[in-house]
Amino acid sequence: MASTPPGKNEFKTLIEFYQTMLAETGVEVMLGKKATVSEISSGGFDEVVVATGMKPRLMPVPNDGTAKVTTAYDILEGNEIAGRRVLVVGGGSVGCETAQYLANEGAADAQEVFFLLRHAAEKVEKVMNLMNNSRRMVTIADIMAVGTGFEAGTGWPVMKDLNRLHVDQRPFHVLERIENGAAVLKNLKDGGTDSAIPCDTVVLAVGADSERTLAEELQECGLPVHTIGDAKNVGRIMDAIRQAAELAKQIC
Ligand SMILES: Cc1cc2nc3c(=O)[nH]c(=O)nc-3n(C[C@H](O)[C@H](O)[C@H](O)COP(=O)(O)OP(=O)(O)OC[C@H]3O[C@@H](n4cnc5c(N)ncnc54)[C@H](O)[C@@H]3O)c2cc1C
């Protein structure tokens, strides 16, 4: 998910690195399989490390059924299709990167721009237009400011992209309901004016909580577990890797 937004493709190299290292060090990997308490308790393990990540936070949205509600995580994982008119709720780093991803999907990408310019198939101004205007209408709303929560120095290209692609930013707005194919937002700054944003999909990016179900079930059965990464505290990749390395050293 972290590697899906524009400019973050490099994060995939981390997955490739671990695929190589796990194979080289003979770690057995079982994909598409849910770890359960019964299998773990009968597995004869000396140590159990739970790194089950996070679960997206949800919020109730009164909805007359005229727009779909999903999460940023489902969009970035490719489980859900956003449609043409999208409201992203939550202007933190995940919400902004999801809005950036969706807006970019509706604009000419690097390959198309290169093709059109290389073959002089369109005038430069037209190509610039195709590149800088999204066919998708994206709005991003937050009860606070939009564009907070980025690591130092990493937010500016995202915010620049949102402006370039004319993503409508609504800071200090709360989503009240979905009705008649529109999301109704209340402005928290001007005494509560309502505005209706026509939308096909509302994408929630309102935070995440640690996924600790397995760790708690194991502890209830009296099995000692080490919990690391987002399962311990929702954070950043380097925090998860550092905790893993320190724990591995301690276990050794
Ligand atoms: C959109 C987005 C952008 C991000 N951008 C950045 C960034 O720019 N920089 C940064 O440092 N961090 C970023 N992060 C955060 C970073 O991805 C996480 O901090 C990191 O992946 C946490 O690693 P983890 O191993 O703890 O959990 P995860 O990477 O979430 O892995 C948990 C794994 O456990 C599996 N699992 C859960 N339950 C079970 C079970 N019962 N049995 C078997 N498997 C199970 C899940 O399927 C998942 O594969 C971003 C996150 C998101 C969602």
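In the predicted model, Asp 46 occupies the loop that links α2 (37-41) to β1 (49-50). Asp 46 is exposed, because 6 other C-beta atoms lie within 10 Å, and the cut-off for an exposed residue is 12 or fewer. Asp 46 and Leu 102 are 56 residues apart along the chain, and a distance of 45 Å separates their C-alpha atoms. For the protein chain as a whole, the C-alpha atoms fill a box of roughly 65 × 50 × 35 Å along the principal axes.

The protein chain contains 9 helices and 12 strands. Its length is 252 residues, of which 25% count as buried. Among contacts in the protein chain with a separation of 6 or more, 70% are made by residues 24 or more positions apart. The domain assignment divides the protein chain into domain 1, made up of two segments (9-54 + 209-251), and domain 2 (58-206). A distance of 33 Å separates the C-alpha centres of domain 1 and domain 2.

The ligand lies between the two domains, because domain 1 (9-54 + 209-251) and domain 2 (58-206) both contribute residues to the shell around it. This shell consists of 22 residues, and the closest to the ligand are Ala 2, Ala 35, Gly 53, Gly 229 and Arg 236. By residue class, the shell comprises 13 nonpolar, 4 polar and 5 charged residues. Helices α3 (72-76), α4 (93-105) and α9 (237-251) each provide at least two residues of the shell. The largest share, 3 residues, is supplied by α9.

Two open sheets are described here. One of them has 5 strands in the order β3-β10-β4-β5-β6, and the pairing is parallel. Its edge strands are β3 (68-71) and β6, each of which pairs on one side only. From one strand to the next, the twist of this sheet averages 20°. Within the sheet, β4 (residues 85-89) and β10 (residues 201-204) run parallel and are joined by 4 bridges. Leu 87 has Val 202 of β10 as its bridge partner. Helix α4, one of the helices that each supply at least two residues of the ligand shell, lies across β4, β5 (137-141) and β10. The direction of α4 is at about 175° to that of β5.

The other open sheet has 3 strands in the order β7-β8-β9, with antiparallel pairing. Strands β7 and β9 (194-198) are at the edges and have a single partner strand each, so one side of each is left without a neighbour in the sheet. The twist in this sheet averages 30° from one strand to the next. Strands β7 (residues 173-179) and β8 (residues 182-187) run antiparallel and are joined by 6 bridges. Across this pair, Glu 179 stands opposite Ala 182 in β8. The hairpin of β7 and β8 has 2 residues between the strands, and Asn 180 in this hairpin takes a positive phi near 50°. On the other side of the sheet order, β8 pairs with β9 in the antiparallel sense over 5 bridges. In this pairing, Val 184 stands opposite Ala 196 in β9.

Backbone conformation was also examined in the loops. Most residues other than glycine have a negative phi, and most peptide bonds are trans. Ala 120, which is not a glycine, has a positive phi of about 45°. This residue, Ala 120, lies in the loop between α5 (110-118) and α6 (124-132). Ala 120 counts as exposed because it has 9 C-beta neighbours inside 10 Å. His 166, also not a glycine, has a positive phi of about 60°. The loop that contains His 166 lies between α7 (156-164) and β6 (168-170). His 166 counts as partly exposed because it has 14 C-beta neighbours inside 10 Å, and a residue would need 20 or more to be buried.

Notes:
Residues are numbered from 1 along each chain as its sequence is written. This is a predicted model: local features need pLDDT of at least 70, side-chain atom pairs count only at pLDDT 80 or more; totals for chains, interfaces and linings use all residues. Domain bounds come from an automatic or database domain assignment. A residue is near a molecule or strand if its C-beta atom, placed from the backbone, lies within 6 Å of it. Ala, Val, Leu, Ile, Met, Phe, Trp, Tyr, Cys and Pro count as nonpolar, Asp, Glu, Lys and Arg as charged, and the others, Gly among them, as polar. Two strands pair if DSSP finds at least two bridges between them. Axes are lines fitted to C-alpha atoms, for helices over the stretch in contact, and angles run from 0 to 180 degrees between N-to-C directions. Two residues are in contact if their C-beta atoms, placed from the backbone, lie within 7 Å.
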